[in-house]
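Reader: I should be grateful for a close look at one part of this structure, set out as a connected account. Please begin with the pairing of its strands and proceed outward from there.

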Amino acid sequence: MTVQINRRSLLTVLAAAGGGLTLGFGPVARALAAGTTDAKLNTYVTVHADGSVTIMAQNPEIGQGVKTSIPQLVAEELDVDWSAVTIEQAIADTAVYGRQVAGGSMATTLQYDPLRRMGATARAMLVTAAATRWGVPAGECTTASGTVLHAASGRKLGYGDVAADAAKLPLPDPATIALKDPANFTIIGQPMTGVDNYKLVTGQPLFGIDAKVPGMVYAAYEKCPVFGGTIKSADLTKAKAIKGVIDVFVIPGSGDPAVTGLSEGVAIIADSWWTANRARAALAIVWNEGPRAGASSTAIAAQAAAFAKQAPQQSIVSTLDTDKALVGAAKRVDAVYSYPYLAHAPMEPMNCTARVAGGKVEIWAPTQNPEPGRAQVAKALGVPPADITIHMMRCGGGFGRRLGNDYMVEAATISARAGKPVKLIWSREQDIQQSFYRPGGFHNLSGGLDASGKLIAWRNHFVSYGSDGKFARSAQIAPGLFPDGFVENIAIGASLMPTPLETGPLRAPVSNAFGFVMQSFLDELALAAKIDPLAFRQQLLGSARIVGDTSNGHTGLDTGRTRAVLDAAAKAAGWGRALAPRSGLGIAFYFSHRGYFASVAEVTVAEDGAVTVVKVWVAGDVGRQIVNPSGANNQIVGSTLDAINATLNQQITVANGRVVQRNFDDYPLLRMPDAPPVVVEMVASDNPPTGLGEPAYPPVPPAITNAIFAATGVRVRSLPVDTALLKKA
Amino acid sequence: MAYTISVNGAPQQVDVDGEMPLLWVLREVLDLPGTKFGCGIAQCGACTVHLDGVAVRSCQTPVSSVGKAKVTTIEAIGATPRGKALQDAWVAGDVAQCGYCQAGQIMSAAALLASKPKPTDADIDAAMAGNLCRCATYPRIRAAIHAATTEA
């Protein structure tokens, strides 16, 4: 039953079945935070008659812990016991929930205040309902553990006892809603264990790949190994004859698959996925491989080297005198840095279950970003977006990969053609070979120092991917990148090559590569200046202030916060201490996703060049409040270990337009014996709380490569680390 | 053809191709989705189950090879005191991030504890090296295994 109680404010209260209270407002709560009531219906809090509470989790859960941490915000201000709370995953519906994206480490940033207000407003209505029943002023009532108390008369009522009354009340004026003093927090700031933990350890279905729909069949989808390729001819006879195969058919492509999400290919549906996937080998397809067929990593490197000899195609940042300053510098350092394409390789392969029937589409998808998928499915099938229901299943990892929804469009298209519900699963090889990738890149750097060792000039000619002057996705460089704003003469330019692989965001996009480049080159400059790497950075950062663009939601760089994490990491690691031969410490900092992080890595390099990361010390500042310290620590440790693996072990290369690597045997993930201890220290600052899925990553690769230099005297300028270069002479 | 295999203490008859990996028999035929598909080539350990108490990769175990061996999956490992202790330690230690690999991790850990009730860090590293965690929750996995041995 829906009871619209306040048409003027467009705010609605839903009375849930059983006399409970469902309350919510939106869109998004940003409107509320600004003190307005210009909001549409949405739903976060349900108080049941027995006093238990259901809180909706609005964002996709990919392992970043939002299904636990964001409801903590609501529960805290609602003033209930966490044990009385059940979390329910919302479906994808931006009209109700606003932004539902696992990306950009933005959930905490965007929802910290608004969702506290959701809880506080519900609490206020429950208080009013109890006060009304007692005939006392609401101001005389307090709450604790899901109970309204009237101290003067010693009376109390459980939330469940007044929920139905509260549902009939008008929404309180947002200006009257007070939030708790953080000193009184009992849920925010507590290390809450993940709300799905029990289901995870007992094997209950949660993930996209676990979806089950009556009448469902299984699908595999064969696409051209060169992205964008189309079918010249396809003989499906042998595949169709395999026992268990139900049907095999061509799915025509239309338009640019990078836009539509749908590459041309052959779908196999069968009574098991194993059968469908195995039948791919029986397909006889001749492909039109298209213009990318000849591409190779070797040719790309050669082209990048050729570009490096020319002026940049476009200027990003340019002061007048950079060239002159470099020529006149007391010391000058030139270096070329590069890094490879990377695949995300989340543990759960891409998959989606779709049921297209009667003009309606229902989708069960592990997705980080359902709405673009909805739009692509709507276009592919010619159905209105409103006729598509998307269940956001728990994701077995995301890392940015599931910001794209190609597997969703494929599943829906195959289901429509098959006339049956279909579960599409990609093989691991398809996941690694047919993804969009963290773009590789090449940086041609020059730095100039004056006689005192001060950095006076910086030039970066970035050879990246793109076409027609436009950067490929996640391949861009922009003004404001450190040390822009900290050096008098700076020139950043870019030249673009066509990319043979589709590109896109991977955890801490852009920053995951630029951290390595900028913070390694800073170390080279510190060496040339004969200044300790930590001191060089401290001097460059200077006094506490905000540097850079602070307009339009940009934050600039807070040098005080940067210094604080740098100093904390250095102190924790014992920066400056003596180490054994072929051991070293390296330090780096990075600011991304509103989080300030510094890392110190200790490495040992064996005589054969093998690198062991012995330990990493991390210091971070994400504002004044950590919502869930357990989840926060897990993200920071995980990001750090992820970055160690990328630095030492991972690369995607291209030959004949195809990705060379296939599976975890040649595209390795970190294994337990190679995971060093990671010591995390959080530095609180009086700033709004921000997210932790990404910002701990970028300083780790340069901390490692700087430590390798300290251990061996060899400067690593290309990733992954080539241990052959580190052999003892 | 038809095979009768013992899964989590009960005989199950399945009529499938003998080459079909146990993983897909469990997930798609017997509706036990806790065992996960990760790589299909025994590189990641997400599909780990026990055959007579020994950890095996079910993605590389043809159903025809199971024979009379008793298959135990994550859905039933909690019936043993060690399995239950591991599950409890995993929950309390808040090990998981995405959680996709954790069923396989627990199955490998349970097999380890069966042979070494008080494993050292080195024992744990050796026994768990075949189980990948893309979120890299390894420090917590290690801690949870230790915690489970002190609780049991």
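Author: In this predicted model, Thr48 of chain B has Arg57(B), a residue of strand E4(B), as its bridge partner. That pair belongs to the antiparallel pairing of strand E3 (residues 48-51) of chain B with E4(B), which extends over 4 bridges. In general, the strands of a sheet pair through backbone hydrogen bonds, in either a parallel or an antiparallel sense.

The two strands are part of an open sheet of 5 strands in chain B, ordered E2-E1-E5-E3-E4, and the pairing across this sheet is mixed. Strand E2 (10-15) and strand E4 (54-57) of chain B lie at the edges; each has a single partner strand, and therefore one side of each has no neighbour in the sheet. From one strand to the next, the twist averages 40 degrees. Helix H3 (residues 102-115) of chain B packs on this sheet, where it touches E3 and E4 of chain B, and its direction makes about 35 degrees with that of E3(B).

The place of E3 and E4 may next be considered in terms of domains. Chain B is assigned domain 1 (2-72) and domain 2 (77-151), and the C-alpha centres of these two domains of chain B are 21 Å apart. Their contact draws 15 residues from domain 1 of chain B and 12 residues from domain 2 of chain B. On the domain 1 side, the elements giving two or more residues are E3 and E4 of chain B. E3(B) provides the largest share of that side, 3 residues. By class, the domain 1 side of this contact in chain B consists of 6 nonpolar, 8 polar and 1 charged residues.

The chain as a whole gives the setting for this part. Chain B contains 5 helices and 5 strands, and along the sequence these follow the pattern β-β-α-β-β-β-α-α-α-α. Its radius of gyration is 15 Å, which agrees with the value near 15 Å that a compact globule of 152 residues would have. Along the principal axes, the C-alpha atoms of chain B fill a box of roughly 45 × 30 × 25 Å. Of the 152 residues in chain B, 63% are buried. Among contacts in chain B between residues at least 6 apart in sequence, 61% join residues at least 24 apart.

Chain B also meets chain A, in a contact that takes 44 residues from chain B and 46 residues from chain A. Helix H3, described above as packing on the sheet, reappears here: on the side of chain B that touches chain A, at least two residues each come from helix H1 (22-29), helix H2 (81-92), H3, helix H4 (121-128) and helix H5 (138-151) of chain B. That side of chain B has 27 nonpolar, 11 polar and 6 charged residues.

Chain A offers another antiparallel pairing. Strand E11 (residues 230-235) of chain A runs antiparallel to strand E14 (residues 284-288) of chain A, and 5 bridges join them. Within this pairing, Thr230(A) stands opposite Asn288(A) in E14(A). E11(A) is hardly covered, for the count of buried residues among its 6 residues is 0.

Methods: Residues numbered from 1 in each chain as written. Chains lettered and ligands numbered in written order. Predicted model: local features only at pLDDT ≥ 70, side-chain atom pairs only at ≥ 80, totals over all residues. Pairing = 2+ DSSP bridges. Axes fitted to C-alpha atoms, helices over the stretch in contact; angles between N-to-C directions. Contact = placed C-beta atoms within 7 Å. Nonpolar A, V, L, I, M, F, W, Y, C, P; charged D, E, K, R; others polar. Rg over C-alpha atoms; globule rule 2.2 N^0.38 Å. Buried ≥ 20, exposed ≤ 12 C-beta atoms within 10 Å, placed from the backbone. Domains from an automatic or database assignment.
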